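Me: Got a minute to go through this one with me? I'd like to start with the cysteines, then the rings.

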Amino acid sequence: MSAAERRRELVEATVRLMVREGVPAVTTRAVVAEAGMTLGTFHYCFASKRELLREVTAALVDREARASLAAVEPGAGVRATVAGALEAFLTVVRERPLEQQALLELTQYALRTGGEEDLAVLQYDTYRRAAARVVSSVARSCGIVWTVPEPLVARTVVGMLDGLTVALLVDGDETAARQQVGVLADCLAGLTRPAPDGDA
């Protein structure tokens, strides 16, 4: 097994542990037990638990981003494109709610644990970078420009998705969630204008 494969196995073991027992249960010993590996293997693959948790976040967020990017198709209107990307994210939440709950728990764990606050900062940086990829893809695909800076659009999208995720986890109302996606798509489409020739 290559080092990359071992890292992937450790990330997947950590996700299982977070989902099943919660973030506080994630210790290096618990992770290697879950993965069927040794502590030596863990330290060969990761410098620390913090590095592992950063990679866990990146892996889960990348899945969401890839789903949203796959929904961005050239030729659709901007509102429909944005709605499709948001709906794709919502599908991931519906299919993997416990992973979303674990990410929310990770944020609170980091904020409440002395010395770990920067883990939450890194987590949200990862969210915003992923959102920025989708925001840029929408602009290129639809031939539009955003009327506010793209980093601000990405930050706004992350805030919207946080609310959407928590609401769906709390009440499980998928109809309301889809309606909320429509409202969010309207809001975001209102922050666009056609790109001048050569700017798309």
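Reply: Sure. A disulfide here is a pair of cysteine sulfur atoms within 2.5 Å. Before we start: this is a predicted model, where local features need pLDDT of at least 70, side-chain atom pairs count only at pLDDT 80 or more, and totals for chains, interfaces and linings use all residues. Residues are numbered from 1 along each chain as its sequence is written, and side-chain values use heavy atoms, with hydrogens and water left out.

Me: OK, how many disulfides does the structure hold?
Reply: The count is 0.

Me: Why is C142 not bonded to C187?
Reply: Too far: the C142 sulfur is 17 Å from the one in C187, and that is its closest cysteine sulfur.

Me: And is C142 buried or exposed?
Reply: Buried (under 20% relative accessible area; exposed is over 50%, partly exposed in between, with a 1.4 Å probe and protein chains only). C142 has 19% relative accessibility, so it counts as buried. C45 is buried too, at 7%.

Me: Switching to rings: how many aromatic pairs are there?
Reply: There are 2. Rings of Phe, Tyr and Trp (its six-membered ring) pair if their centres lie within 6.5 Å; planes under 30 degrees apart are stacked, over 60 edge-to-face, the rest tilted.

Me: Why is the F42 and F46 pair called tilted?
Reply: Because their planes are at 40°, with the centres 5.8 Å apart. Both F42 and F46 are buried.

Me: What about Y124 and Y127?
Reply: That pair is edge-to-face, at 4.7 Å centre to centre and 70° between the planes. Y124 and Y127 are both buried.
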